[in-house]
Amino acid sequence: MVVGAFPMAKLLYLGIRQVSKPLANRIKEAARRSEFFKTYICLPPAQLYHWVEMRTKMRIMGFRGTVIKPLNEEAAAELGAELLGEATIFIVGGGCLVLEYWRHQAQQRHKEEEQRAAWDAMQDEVGRLALALEALQAQVQAAPAHSALEELQTQMREVRAQLCAPDPPATPQAASACKVQESAQA
């Protein structure tokens, strides 16, 4: 089940990511056209990104304390729009991963609840069987001293005794059978 579900989740993730790309492009276009969006949304992150990038490059090359010039407005707006578009794709992808994680956790909780319910049902059944066993043991202990086998043996002796009564046997074989039975009983 998991093997079949995994490619579908991956396909869904790729589909959402592909849908988020045109969304990111529309946001980029809106950022380029709108002066408010450009000034307050795109320019500050772009300038910060440029400053961090250039500062890092200068330190790697060994230049310390150099002044970094800010980007011109057009380049900063373009860089800010690109950053915003990539952030949109990243947020959509991250959201998909978080939703997939939550879905997986819900499935795990459901599976654990089912196992717990099955375990509880088995414990209840074992408890019921233990009570039934105790009741049967109590019945066996309360039974009369004679067991059923002893009672049957007594009844068989009585029947044999009646069959081998002093009536004259009809055949000599019946008389010898009664004598053999009497000697076996003794």
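**Exercise 1: the cavity.** Find how many cavities of 30 Å³ or more this predicted model holds, and say what lines the largest.

*Solution.* Start with the search: over the whole structure, it turns up one cavity of 30 Å³ or more. Next, the volume: the largest cavity holds about 40 Å³ of space. Last, look at the walls: Arg 55, Met 58, Arg 59, Phe 63, Arg 64, Gly 65, Thr 66 and Ile 68 line that largest cavity.

**Exercise 2: the overall plan.** Work out which secondary structure elements the protein has, and what share of its residues is buried.

*Solution.* Count the elements: there are five helices and zero strands. Walk along from the N terminus and you read α-α-α-α-α. Then check burial: 11% of the 186 residues count as buried.

**Exercise 3: helix 3.** Compare the span of helix 3 with the expected one, then list its buried residues.

*Solution.* Helix 3 covers residues 73-142, which is 70 residues. From first C-alpha to last it reaches 101 Å, close to the 104 Å you'd expect at 1.5 Å a residue. Now for the buried ones: they are Ala 76, Ala 77, Gly 80, Ala 81, Gly 85, Thr 88, Ile 89, Gly 93 and Cys 96.

**Exercise 4: Leu 99.** Is Leu 99 buried or exposed? Say where it sits and which surface patch it helps make.

*Solution.* First, place it: Leu 99 is in helix 3. Its relative accessible area is 53%, and the cut-off for exposed is over 50%, so Leu 99 counts as exposed. Finally, the patch: Leu 99 joins Val 98, Tyr 101 and Trp 102 in making a nonpolar surface patch of about 460 Å².

Key: Residues numbered from 1 in each chain as written. Predicted model: local features only at pLDDT ≥ 70, side-chain atom pairs only at ≥ 80, totals over all residues. Heavy atoms only, no water. Helix = DSSP H or I, 4+ residues; strand = E, 2+ residues; numbered from the N terminus. Expected span 1.5 Å × (residues − 1). Buried < 20%, exposed > 50% of the residue type's maximum accessible area, 1.4 Å probe, protein only. Patch = residues over 30% accessible without salt bridge, like charges linked within 9 Å, V, L, I, M, F, W, Y side chains within 5 Å. Areas by Shrake-Rupley, 256 points an atom, 1.4 Å probe, with all protein chains shown as cover. Salt bridge = Lys/Arg side-chain N within 4 Å of Asp/Glu carboxyl O. 1 Å grid on protein atoms, 1.4 Å probe; cavity = no way out; pocket = protein on both sides within 12 Å on 5 of 7 lines; lining within 4 Å. Points joined across faces, edges and corners; volume = space filled by probe spheres on them.
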